2 protein chains.
Amino acid sequence: MAHVVGVVGGGQLARMMIGPAVELGVDIRVLAEAEGAPAQLAATMVGDYRDEKTVREFASTVTVLTFDHEHVPQPVLASLESDGVAVRPGAYALGFAQDKIAMRRRMAELGLPVPAWAVVSDEAQLDRFISEHGGRAVVKLPVGGYDGHGVRFVSQASEVADWLNPDALLGFPQGLLAEEAVEFTRELSQLSARSPSGEFAAWTLAESVQRGGICVEVVAPAPHADKALADEAYRIAESIASGVGVVGVLAVELFETRDGSLLINELAMRPHNTGHWTMDGSVTGQFEQHLRAVLDLPLGDTALTGAAAVMVNVLGGPRPGDVDEALAKALSVDAAAKVHWYGKEWRKGRKVGHVTVVAGARGGEAVSDSIGVVMDARERARTVARALGAE
Amino acid sequence: MAHVVGVVGGGQLARMMIGPAVELGVDIRVLAEAEGAPAQLAATMVGDYRDEKTVREFASTVTVLTFDHEHVPQPVLASLESDGVAVRPGAYALGFAQDKIAMRRRMAELGLPVPAWAVVSDEAQLDRFISEHGGRAVVKLPVGGYDGHGVRFVSQASEVADWLNPDALLGFPQGLLAEEAVEFTRELSQLSARSPSGEFAAWTLAESVQRGGICVEVVAPAPHADKALADEAYRIAESIASGVGVVGVLAVELFETRDGSLLINELAMRPHNTGHWTMDGSVTGQFEQHLRAVLDLPLGDTALTGAAAVMVNVLGGPRPGDVDEALAKALSVDAAAKVHWYGKEWRKGRKVGHVTVVAGARGGEAVSDSIGVVMDARERARTVARALGAE
């Protein structure tokens with residue numbers, strides 16, 4: 001049987017795997033949540049990814065199972081693995097992307113740099129943590145959060161009283177995660193991929209700009225990142241990938257602090273928004289690399305195709321009925337910008353597409369020496385995104 | 001209704017439109033000849049493209065109709081246009097891609113350089129043409145030829161006696177096309193695109209290497225092509241595109257003669273094998289550009305993403321059952337080569353995929369000054385193609 005990759009989840013990440021799958025001759029099938037999902041074109045089944053029977057039925061039609069998101073429950077993953085399904089990344093690795101407390105614990109075991117953290121189950125514990133960490137903390141629901149949901153900055157425990165009441169805690173029997181509110185100078189993202197046979201490849205370190213917990217822009221390479229910083233980010237990503245046995249793309253979101261050190265913020269074990277720039281800005285894009293990795297094919301070259309790439313998300317976007325006109329306008333603004341559209345309907349703040357501008361010569365001077373290239377590319381990408389109706 | 005592009009024909013050209021359609025958010029639907037066609041993923045109908053009813057039914061589900069090939073009969077195209085279907089390219093333009101005699105006549109009317117040619121209906125006419133053109137001629141069936149089929153080099157008319165007998169000529173009531181056997185030094189391809197509103201964009205001039213009438217390799221930019229030659233190729237393509245009202249991608253295959261002049265060989269009004277390098281080697285690939293053009297969206301930048309790109313076809317390829325292994329081997333040979341696979345089963349000499357290597361810096365020195373870059377890229381692409389089982 002030729003390679004058949006099954007993707008659980010029909011969102012834009014599954015959608016963006018379609019092009020590379022077609023190019024590599026890989027049969028791609030999607031288990032979508034509903035009709036009309038972004039990855040509809042490759043959807044062979046519609047159903048609930050939390051339902052063991054549904055996922056097993058879908059898995060029986062593919063040779064390798066991977067994911068658009070990290071929300072498939074552990075018991076379902078465990079059941080698939082005991083059936084002998086090639087689940088990539090596997091249940092063990094995914095556990096650390098699903099459970100932020102397990103992640104913090106494992107990162108600490110691996111000796112990797114993380115913000116100070118503690119598990120808290122009541123207001124007294126949290127208030128103690130806050131007072132020991134400068135009067136502020138970040139409180140996170142250990143599972144289920146996304147795009148800023150499930151995260152709160154607090155200066156006293158009563159601000160998350162609704163999360164810490166006994167009924168709410170029934171959903172989080174371990175307790176909640178409290179972390180120091182890191183005073184970072186910027187956020188970085190180290191994207192990489194690992195295959196089952198242990199091959200590892202990383203892209204250049206990128207800078208991501210977040211607004212309200214949502215990624216809005218990414219610049220690669222991260223401006224003014226010296227070799228020591230880039231090497232440290234690489235080392236962290238490689239340690240995590242091998243330390244938890246990741247298969248596929250791994251995004252490590254990092255804080256850079258005032259003294260130039262790095263702290264691990266979040267992990268994602270799938271193609272990630274902070275890696276969308278690789279589709280146009282790298283010889284091998286993250287969606288192609290993810291497919292190569294989960295199929296245990298050799299990984300592709302991660303070199304940049306220009307001096308720098310800037311990706312700007314389109315949040316919100318045009319109202320239904322205005323999409324064609326917005327696309328025409330956006331393409332007329334900049335003939336070299338790459339527009340990616342997810343086929344999602346408008347909703348306030350929703351990620352509906354992104355724009356990438358690649359600038360400067362491949363193999364050219366380091367971007368830290370030519371910040372003008374980045375500034376120009378960023379302005380161009382923002383202009384196209386605005387034409388697409390970005391908020 | 002949002003953009004829905006319908007592609008008649010389910011071959012690899014339709015297949016390679018899928019990725020760009022997904023990225024631009026364009027709904028793509030394919031009328032395939034049979035189940036399991038290369039563009040199966042987007043196939044919404046299976047049927048005969050020669051059947052008016054079938055094509056009309058398919059056309060009723062899309063906003064713009066375009067093509068994987070040029071074989072839809074003129075009466076079917078005319079019927080669609082009289083229904084008000086947006087057929088792109090239109091019946092008039094396609095006529096010149098379908099009928100080589102009409103093409104030669106129109107090129108001559110436009111004052112463009114073509115080999116000496118004549119219409120012949122019997123052996124005496126052909127022998128006269130041969131004796132007037134150095135004792136050799138190329139005889140072509142005016143319609144239906146492809147990949148070297150329907151073309152013969154002859155030194156006397158009796159060599160095509162089977163084509164010139166009255167029964168055989170019933171299929172070619174105009175007669176056959178006789179052309180001088182051009183003593184060319186190499187073959188070139190000028191790829192371009194035109195939109196209904198008249199926007200025109202061309203890629204750099206490329207050199208194509210043919211073997212037995214089949215394209216085997218393409219190098220872009222064409223080595224040692226000076227500005228005068230490139231300008232002349234551009235002028236020819238632009239004249240044809242506007243002169244016959246092409247919409248979509250136009251490939252003009254050219255002969256370069258010993259004195260450095262150009263003669264038009266063949267036309268194709270669709271993405272073309274000699275333009276596959278643009279998928280990886282240009283900011284806008286030919287499949288994306290074709291979609292933009294047929295939808296009358298602004299055309300994309302055609303700049304190269306490196307100093308040079310070399311595309312090598314995979315002809316034949318691995319036997320069924322060996323495809324996965326061949327892919328793994330090919331990807332292990334060169335991490336930066338881009339492998340494209342068409343999902344076709346093995347058959348001797350069949351085009352089953354292609355490999356592109358992009359080399360050197362974007363915006364770098366002209367390739368004519370760095371022929372080593374091309375030689376190296378060509379060797380790399382050939383090596384990967386061989387690993388894929390190319391004959």
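Okay, let's start with where the two chains touch. The contact takes 37 residues from chain A and 37 residues from chain B. On the side of chain B that touches chain A, three elements each give two or more residues: α1 (12-24), α12 (323-333) and β16 (338-341) of chain B. And what sort of residues are on that side of chain B? They split into 20 nonpolar, 11 polar and 6 charged.

Before I go on, keep in mind that this is a predicted model. The scores are ipTM 0.93 and pTM 0.95. For chain A, the mean pLDDT is 94, with 98% of the residues at 70 or more.

Now, how do the two copies sit relative to each other? In general, a rotation about an axis plus a shift along that axis relates two copies of a chain. Here, a turn of 180° and a shift of 0.0 Å along the axis lay chain B on chain A, with an RMSD of 0.0 Å. The two copies are thus related as by a two-fold rotation axis. Which residue of chain B comes closest to that axis? That's G19(B), with its C-alpha at 2.0 Å.

There's another nice point about the contact. Of the interface residues of chain B, 100% are also interface residues in chain A, so the copies meet through the same surface.

Let's move into chain A itself. The domain assignment gives three pieces: domain 1 (4-87), domain 2 (116-179) and domain 3 (184-387). If you take the C-alpha centres of domain 2 and domain 3 of chain A, you'll find them 30 Å apart.

Next up, some strands. Find β15 (308-315) of chain A on your screen. Is it buried or exposed? Well, 8 of the 8 residues of β15(A) are buried, so the strand is largely enclosed by the rest of the structure. You can see that on both faces: A308(A), V310(A), V312(A) and V314(A) point one way, A309(A), M311(A), N313(A) and L315(A) point the other way, and all of them are buried.

So who are the neighbours in the pairing? One partner of β15(A) is strand β12 (residues 214-220) of chain A, antiparallel, over 4 bridges. In that pairing, A220(A) stands opposite A309(A). Another partner is β17(A), again in the antiparallel sense, over 8 bridges. There, V310(A) has V357(A) as its bridge partner.

Stay with β17 for a second, residues 351-359 of chain A, since this strand also pairs with β16(A), antiparallel, over 4 bridges. Which residue of β17(A) is the bridge partner of H340(A)? It's H354(A). Strand β16 of chain A, residues 338-341, is covered on both faces too. K338(A) and H340(A) are on one side, V339(A) and W341(A) are on the other, and all four are buried.

Okay, last part: the loops, with a few backbone oddities. Go to the loop between β9 (184-194) and β10 (200-202) of chain A, where you'll find P196(A). This residue counts as partly exposed, because there are 17 C-beta neighbours inside 10 Å, and buried would take 20 or more. Setting aside its neighbours within four places in sequence, P196(A) is in contact with R88(A), V247(A) and D296(A). Look at R88(A): along the chain this residue is 108 residues away from P196(A), yet their C-alpha atoms are separated by 8.5 Å.

Two of those contacts of P196(A) have something odd about their backbone. First, R88(A) is joined to P89(A) by a cis peptide bond, with omega about 0°. P89(A) sits in the loop between α3 (74-82) and α4 (91-98) of chain A.

Then there's D296(A), which isn't a glycine but has a positive phi of about 55°. You'll find D296(A) in the loop between α11 (286-294) and β15 of chain A. With 18 other C-beta atoms within 10 Å, D296(A) is partly exposed. Over in chain B, phi of D296(B) is also positive, near 55°, and D296(B) is partly exposed, with 18 other C-beta atoms within 10 Å.

One more cis bond to look up, in chain B this time. The peptide bond from A220(B) to P221(B) is cis, with omega near -5°. And where is P221(B)? In the loop between β12 (214-220) and α9 (227-244) of chain B.

Methods: Residues numbered from 1 in each chain as written. Chains lettered and ligands numbered in written order. Predicted model: local features only at pLDDT ≥ 70, side-chain atom pairs only at ≥ 80, totals over all residues. Contact = placed C-beta atoms within 7 Å. Nonpolar A, V, L, I, M, F, W, Y, C, P; charged D, E, K, R; others polar. Buried ≥ 20, exposed ≤ 12 C-beta atoms within 10 Å, placed from the backbone. Pairing = 2+ DSSP bridges. Domains from an automatic or database assignment. Least-squares fit on C-alpha atoms with pLDDT ≥ 70 in both. pLDDT = per-residue confidence, 0-100.
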